[in-house]
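Please load the model in your viewer and keep a cartoon and a stick representation ready, so that each stop of the tour can be selected in turn.

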Amino acid sequence: MLDQSFSIENFRKILDIENRKGNYLEGDFFSDIADISKKIKETNGEIRILKQKGLDKETFIEERSRINDKKDELSEQKEQKLTEKLTTISSNVTASDFKLTIVQDTTITDKPVYKTEYSLENILTLKQLQYNFRKLYKVKQSSRYSIISQLKNLLDDGFPKIILKTDIKEFYENIPHEKLLKKINDDNLLTHLSMRFIQQILSEFKDKSGATKGVPRGIGISPYLTELYMRDIDAKIKQLPNLMYYARYVDDIILIFMPQINSTTRDYKKEVKEVLAKEGLIMNESVDKTKLIDISNKHTNQQYDFEYLGYKFISGYASNKHIPLTLTISSRKKKRYEDRLKKAFELYAKQSKLNEKQARKLFVKRIKFLTSNTRLVNNKRNVITGIYYTNSLISTTDDFKDLDLCFDGFISSFALPAKLAIRIRNSNSFVSGFNPTNISKFNAIELNKMMNHWTK
């Protein structure tokens, strides 16, 4: 049976997990514990120095034992202090008057994002709540890579089909509280305290947003709540006749139907729309969000294209033959690269007036980051991101060639110093960056400086 408690033991496990990820929460909130941790690290250094002193064996063992005793004593002090502090936190969190308060942040995206006040009580409570929910309901977000890989194979098989791409309008904001809470209550898996925290979050969202429904974007439990709510809806959509493929990534949906020969005309969009509407959700029917592509007759010359999850799919039929699928980046993603590139040049032009040397260093790093790949810092899973690793399934680099032309244009129009222009153009390229071995290294401080003013 899962231990859902907001206890000292569970909070300690969360801290250990966060430490392994590189998030040293004790250091953020407990300066005295951070000081002890620093002293423990210093004892490791003392042992290394001891090995270099060339002591005889007996003296070395004696000195090492002394240092280890000191280290054990410090570790014991750290454990004791941490236990005392977690005891207080657990007591606070489980008290009847404890409340998870959320605040709205409009500086991150166009849509309001929410967060809790930065306290260890809030962080540990939300982490434990997410753990409880994830383990009990086995909910997780779909994999972008898997969906695109599957679509790539299905759309390149040459068989007639009907494709429907759509999304859910204001997805997070339209999840009905009553239906969501009823589902959770009926399942009866969460403890009373876990349920109380979820109700608090939804109530806080209503108060802060003025809405009568919806879950707050940015709060860690929200994606789990939406995935749980969509579970039955996904199952109903999958039961539609002649559906051969269905995938959903958050609010982005794609369906592929294999209609029977001489079958009656169906309104596929209406069928999906009705399933969503019965659960209080709205299909976004704008032309850029919903698109129906009928390639059920391979004898009709036609070429189609649509964009989904950052990729653009292009195929169709010509002279009774299937046009091989072309997979490239979406126009929105391409525009994002262009905007980020332009912003890097603009920031250099502005910042170089104050400190050219510092501005140049940041500019060079930004261009390198944008046109190559980098291993994420403080990430134990060795995750790599960048031009190749976020677009690895494309079948043509034509868009990257366009971006290189755009890059050349900015170099000319911004009238960079000659040496700097030659330096960045000779060592950076979107095309050459599309290579799994092209990996640049940046530390956390460099990344923070680069991202400052560059991205919203």
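Begin by selecting the open sheet of 3 strands, whose order is β7-β8-β9 and whose pairing is antiparallel; strands here are DSSP runs of E with at least two residues, helices are runs of H or I with at least four, both numbered from the N terminus, and two strands pair if DSSP finds at least two bridges between them. Because β7 (302-308) and β9 (321-329) stand at the edges with a single partner strand each, one side of each is left without a neighbour in the sheet. From one strand to the next the twist averages 15°, where axes are lines fitted to C-alpha atoms (for helices over the stretch in contact) and angles between N-to-C directions run from 0 to 180 degrees.

This is a predicted model, in which local features need pLDDT of at least 70 and side-chain atom pairs count only at pLDDT 80 or more, while totals for chains, interfaces and linings use all residues. Residues are numbered from 1 along each chain as its sequence is written, and side-chain values use heavy atoms, with hydrogens and water left out.

Next, show β7 together with β8 (residues 311-318): they pair in the antiparallel sense over 7 bridges, and Glu 307 stands opposite Lys 312 in β8. Add helix α11 (residues 331-351), which packs on the sheet and touches β7 and β9, its direction making about 30° with that of β9; contact means heavy atoms within 4.5 Å.

Move to β3 (residues 161-167), which is largely enclosed by the rest of the structure because 7 of its 7 residues are buried, that is, under 20% relative accessible area, with exposed meaning over 50% and partly exposed in between (1.4 Å probe, protein chains only). Colouring by face shows Lys 161, Ile 163, Lys 165 and Asp 167 on one side and Ile 162, Leu 164 and Thr 166 on the other, all of them buried. Strand β6 (residues 291-295) runs antiparallel to β3 and is joined to it by 5 bridges, with Leu 292 as the bridge partner of Leu 164. β5 also pairs with β3 in the antiparallel sense, over 6 bridges, and there Thr 166 stands opposite Ile 253.

From β5, step back to Val 250, in the loop between β4 (243-249) and β5 (252-257). Its phi is near 60°, a positive value in a residue other than glycine, and at 16% relative accessibility Val 250 counts as buried. Asn 188, in the loop between α7 (177-187) and α8 (192-209), likewise has a positive phi, of about 55°, but at 64% relative accessibility Asn 188 counts as exposed.

Now select Ile 184, which, leaving aside neighbours within four places in sequence, is in contact with residues including Phe 133, Tyr 137, Leu 189 and Leu 228. Along with Phe 133, Phe 313 and Phe 345, Ile 184 touches the most other members of the largest nonpolar core, which has 118 residues; such a core is a set of buried Ala, Val, Leu, Ile, Met, Phe, Trp, Tyr and Cys residues joined through side-chain atoms within 4.5 Å.

Finish at helix α9, where Pro 223 lies. At 27% relative accessibility Pro 223 counts as partly exposed, and its C-alpha is 8.3 Å from that of Lys 140, although the two are 83 residues apart in sequence.
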